[in-house]
Amino acid sequence: MSLSIGLPVYNGERYVLEAINTLRAQSFRDFELIIMDNASTDRTEELCRNAAAGDDRIKYHRNDANIGPVKNFNRVFQFASRKYFKWAAHDDTYAVDYLEKCVSILDRHEDVVLCTARTRLIDDQGRVAKDYLSDIYLDSPLAYRRFRASLENFMTYEIFGVIRREALQRTPLLGSFGHADGILLAWLSLQGRIHVVPEFLFFNRDHPEKSKNFYSNYRDYTVWLDPTKAGKILLPRWRMGYEYVRAVLSTRLAAVDRVRCGLQMVHWLKIFWKSLFANVVFAGFQMLIRPFSSFSRTWRTTAFLAACSVFTTTCTL
């Protein structure tokens, strides 16, 4: 088999069987499907075990306890051993020739590290919601241009494409911080081209239980990924900047390419300087009101407003 597909899932009984069946129906059949159940409490285990019993390409694994979404995503990759690897969400579906066309591109173009297809958004009933038309160009032969494109890529649907396993092994995989999937795509873009087949073959499902509906900003998202960070001072946008720079410094690049990629961070700073400043302001407020954490909500609110007043006055001096 040339392809390993990792399907991490937690309480996905509503959609997981459809996701499995859309992969089983692919015209490209030379793959293994590794299901990593994160200690689901619904019928996910039953459905996945039944599917595995009817297809020897499917391997089902279950964690003894819920280890969190990021660790589960990364853990399923540890079980993969084929030339190519693909993450599959438990609620997405694909056109029947999706895998065939992606694998064909990777087989024919050694400089392509990831291949996917255009994305069509569907609702919880599988009805087409809209087509995602991106102008982000990650297919350039120049590393610095691909890196700049990754800095502007906010949707990151490409993360569910077919990836060269050796390229993914040279990355830190997914982290427990905001936009970790975008950071991972940046790591991959520095290694080679990311190609998008110009057909709508990938169907990404949006529904009320989707993870993006559980947070309103990157700070909340970080806490959702890692609850131990609740109440801690976080600088999510600064963390992203650090991770982008780390990717450039850690990837094997010619010196001139490394400099060119580093210069693209100036472009990133121009886009997100307000967000970077807001991170610092919010962290300052957290530090100012921390001594009042044991007070009642009324007193904490009063302290917070007082801190805001002091900070605003200081900034105008």
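This passage describes helix α9, the nonpolar core, the surroundings of R118 and the salt bridges of a predicted model. Residues are numbered from 1 along each chain as its sequence is written, and side-chain values use heavy atoms, without hydrogens and water. Because the model is predicted, local features need pLDDT of at least 70 and side-chain atom pairs count only at pLDDT 80 or more, whereas totals for chains, interfaces and linings use all residues.

Helices (H or I, at least four residues) and strands (E, at least two) are DSSP runs numbered from the N terminus. Helix α9 comprises the 15 residues 236–250, and its end C-alpha atoms are 21 Å apart, in agreement with the 21 Å expected at 1.5 Å a residue; the expected span is 1.5 Å times one less than the number of residues. Buried residues (under 20% relative accessible area; exposed, over 50%; partly exposed, in between; 1.4 Å probe, protein chains only) in α9 are P236, R237, M240, G241, E243, Y244, A247 and V248. They lie on the same side of α9, because they cover an arc of only 160° around the axis, taken from the directions from the helix axis to the C-beta atoms. The face turned away from this buried side carries the exposed residues Y242 and L249.

Within α9, a salt bridge (side-chain nitrogen of Lys or Arg within 4 Å of a carboxyl oxygen of Asp or Glu) joins E243 and R239 at 2.8 Å, N to O. These two residues are 4 residues apart, about one helical turn. E243 is buried at 2% relative accessible area, while R239 is partly exposed at 34%.

By this rule the model has 20 salt bridges. E110 pairs with R164, the closest N and O atoms being 3.9 Å apart. E110 lies in the loop between α4 (98–108) and β6 and R164 in strand β8 (residues 162–164), so the bridge ties together parts 54 residues apart in sequence. E110 is exposed at 58%, whereas R164 is buried at 6%. R193 forms a salt bridge with D111, with a closest N to O distance of 2.8 Å.

R118 is located in strand β6 (residues 112–122) and is partly exposed at 35% relative accessibility. Its contacts (heavy atoms within 4.5 Å), not counting residues up to four places away in sequence, include L133, V196 and F202.

The largest nonpolar core (buried Ala, Val, Leu, Ile, Met, Phe, Trp, Tyr and Cys residues joined through side-chain atoms within 4.5 Å) has 86 residues, of which L7 and W87 touch the most other members. Helix α7 (residues 180–191) supplies the largest share of this core, 8 residues.
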